[in-house]
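Please load the model in a viewer and keep the selection tool at hand. The tour below proceeds from strands to helices, one selection at a time.

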Amino acid sequence: MGSYIVVRRLATQPKLAHAPKRKWKSVVGLEVHAQITSASKLFSGSGTAFGAPLNTSVTYFDASIPGTLPVLNRKCVESGIKTALALGCRVNEVSMFDRKHYFYADLPNGYQITQQRAALANDGLMTFPVITPGKKVYYKSVNLLQLQLEQDSGKSLHDEQLKRSLVDLNRAGVPLMELVFAPDLETGEEAASLVKELVLILRRLQTCSCKMEEGALRVDANISIHEEGAPLGVRTEVKNIGSVRSISQAISYEINRQLELVAEGGVVTNETRSWDAEHRRTVAMRDKEVLQDYRFMPEPNLPPLHVNLKPGSVSTQELISVAALSKEIPELPEHTRQRLVEHYKLNAETAIILVNEPVLLEHFLSITESLADVPTKVVTNFLINDLLTYCNKLNLDIEDYTTSDNALKDVLKALHAEQINLQAARQLIQLLHTNPTSSVSELIGQHNLQQISELSTIEAYCQQAIANQSKAVQQYQKGKSKALFAIAGEVAKLSAQKANMKIVVECLERLLKK
């Protein structure tokens with residue numbers, strides 16, 4: 001349900017009663033690790049399937065057995081280049097691999113192979129919409145400083161009862177793209193919107209599944225505050241942010257924490273913090289007072305990576321063509337938004353919501369193609385105001401709403417033909433979810449949802465409503481036209497929300513003129 005990114009004022013958030021009255025600005029920069037969709041690892045032939053039995057996706061190289069050498073995965077390079085092109089980056093003709101040394105139990109080599117000196121791509125730019133409920137939608141741009149390839153580490157498993165740690169090397173060597181964004185953001189909402197747009201792009205490119213619950217997309221946020229016109233302040237880094245919504249919450253919390261700390265005369269320290277999703281607060285992990293020396297050095301077992309930048313070139317076994325890969329890039333989210341506005345005459349905010357929810361977009365395109373006589377506004381209102389709202393109320397991802405395109409088409413077809421009214425259509429959304437094998441026509445019959453359009457029946461309801469709403473009748477006859485809504489509401493109540501309100505209004509106007 002990522003269309004709307006909501007930041008609630010949580011009880012655990014710092015109170016800003018004593019916040020300084022000076023003008024402060026917050027600065028946010030993101031570092032994103034995206035696991036490249038690939039059947040094998042970056043430098044070995046091990047599998048990358050999530051949930052494989054412990055230590056079963058491990059080759060001799062992954063385990064750092066002496067004498068083993070890395071072999072670069074061509075598909076991962078191609079995926080990195082496609083992603084870089086989609087994000088407006090300059091792909092480098094030559095990039096290099098380096099060893100980044102640090103000593104963790106789940107890093108068998110004692111170093112990570114990455115690209116520190118010369119990355120695969122630089123100087124990208126992302127422009128994306130920021131949606132905050134109650135505020136006007138606006139676009140934000142952020143610079144992408146670098147996109148580099150690197151391998152992941154393994155995973156340590158800690159047994160608190162037995163007081164020991166075990167290591168699973170299934171993730172060791174899994175291919176990653178690290179995307180380093182400039183500190184061009186100001187709020188948690190902007191950061192979450194950036195990640196949401198990035199997810200949409202990566203999924204369209206099929207270069208990353210972006211399943212944060214599986215660790216396929218990991219986000220670290222660097223956050224600082226400073227007085228307007230002053231140099232940037234000391235930053236903290238927040239790690240372990242596990243969802244798009246948590247990104248917004250964690251950054252908003254940390255900004256408020258720093259503001260409150262400064263207001264009370266404290267000093268922000270350069271430290272790493274983690275996001276505690278249960279208590280919705282950031283928690284100190286370690287300080288960064290001592291700069292860690294990773295002892296970067298060139299990777300001696302991998303030569304420089306060369307790609308072909310010539311226009312019109314084709315890929316060969318020896319050299320990947322950037323021009324050829326650029327032709328494989330599909331329509332990107334922003335282009336889809338523009339097409340929806342231009343072709344379907346949707347307003348910008350509606351187009352943004354549809355594109356931000358790919359399932360809704362699929363429903364919209366399928367329905368409008370089949371039901372050309374149904375106005376697009378009716379379709380979008382039904383999908384956004386009714387279907388998406390229903391899912392949000394149940395805290396249900398729209399992807400988990402099991403109804404087919406055909407079922408939703410049948411609901412809209414019945415609504416457009418005035419066989420049912422909007423109230424019944426909303427009931428059908430719920431009924432289709434709980435009865436996925438039933439047809440719309442069956443549900444309409446079983447639950448008696450047919451709209452009442454027979455004039456004699458409606459007139460009887462109207463006369464009863466006029467008798468019940470004598471005060472509203474008097475107001476209407478004195479010129480208060482809005483009083484008619486109260487009488488019409490009474491008709492809806494008497495008819496169990498099944499009366500055709502268009503006919504009801506016409507009938508009431510006729511009866512009240514007598």
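The model is predicted.

**First stop: an antiparallel sheet**

Select residues 98-101, which form strand E4. Add strand E5 (111-114) and strand E15 (297-298), the edge strands, each of which pairs on one side only. The 3 strands make an open sheet in the order E5-E4-E15, with antiparallel pairing. Between E4 and E5 there are 4 bridges in the antiparallel sense. To inspect this pairing, display Arg-99, which stands opposite Ile-113 of E5.

**Second stop: a mixed sheet**

Next, select strand E16, residues 305-308. E16 belongs to an open sheet of 3 strands in the order E3-E16-E17, and the pairing here is mixed. Strand E3 (94-95) and strand E17 (320-321) are at the edges; each has a single partner strand, so one side of each lacks a neighbour in the sheet. E16 and E17 pair in the parallel sense over 2 bridges. Pick Asn-308 and look across to Ser-321 in E17, which is its bridge partner.

**Third stop: a hairpin**

Move to residues 155-159 (strand E8) and residues 164-168 (strand E9), which run antiparallel and are joined by 5 bridges. Label Ser-156 and its bridge partner in E9, Val-167. Then centre on the connection: the hairpin has 4 residues between the strands, and Lys-163 takes a positive phi near 55 degrees.

**Fourth stop: an annotated domain**

Select residues 362-512, which an unreviewed UniProt entry annotates as "domain: Asn/Gln amidotransferase". Coloured by secondary structure, this span is 70% helix and 0% strand. The C-alpha atoms at its ends lie 46 Å apart. The remaining selections concern pairs of helices.

**Fifth stop: H10 and its contacts with H8 and H9**

Which residues make up helix H8, and which make up helix H10? H8 covers residues 376-393 and H10 covers residues 422-434. Their axes come within 10 Å and cross at roughly 45 degrees, which makes H8 oblique to H10. The crossing is right-handed. Show side chains for Phe-382, Asp-386, Leu-387 and Tyr-390 on H8, and for Leu-422, Ala-425, Arg-426, Ile-429, Gln-430 and His-433 on H10, since these residues make the contact. By class, the contact of H8 with H10 comprises 6 nonpolar, 2 polar and 2 charged residues.

Keep H10 on display and add helix H9, residues 405-416. The axes of H9 and H10 come within 10 Å and cross at roughly 165 degrees, so H9 is roughly antiparallel to H10. This crossing is right-handed. The residues in contact are Ala-407, Val-411 and Leu-415 from H9, together with Leu-422, Ala-425, Leu-428 and Leu-432 from H10. The contact of H9 with H10 consists of 7 nonpolar residues, with no polar and no charged ones.

**Final stop: H12 and H15**

Select helix H12 (residues 455-468) and helix H15 (residues 501-512). Their axes come within 10 Å and cross at roughly 60 degrees; the two helices are therefore oblique to each other. The crossing of H12 and H15 is right-handed. On H12, display Leu-455, Ile-458, Glu-459, Cys-462, Gln-463 and Ile-466; on H15, display Ile-503, Val-504, Cys-507, Leu-508, Arg-510, Leu-511 and Leu-512. The contact of H12 with H15 has 10 nonpolar, 1 polar and 2 charged residues.

Technical notes:
Residues are numbered from 1 along each chain as its sequence is written. This is a predicted model: local features need pLDDT of at least 70, side-chain atom pairs count only at pLDDT 80 or more; totals for chains, interfaces and linings use all residues. Side-chain values use heavy atoms; hydrogens and water are left out. UniProt positions are given in the numbering used here, feature names are shortened, and annotations may be inferred rather than shown by experiment. Axes are lines fitted to C-alpha atoms, for helices over the stretch in contact, and angles run from 0 to 180 degrees between N-to-C directions. Angles under 35 degrees count as roughly parallel, over 145 as roughly antiparallel, 65 to 115 as roughly perpendicular and the rest as oblique. A crossing is left-handed if the near helix is turned anticlockwise from the far one by less than a right angle, and right-handed if clockwise. Contact means heavy atoms within 4.5 Å. Ala, Val, Leu, Ile, Met, Phe, Trp, Tyr, Cys and Pro count as nonpolar, Asp, Glu, Lys and Arg as charged, and the others, Gly among them, as polar. Two strands pair if DSSP finds at least two bridges between them.
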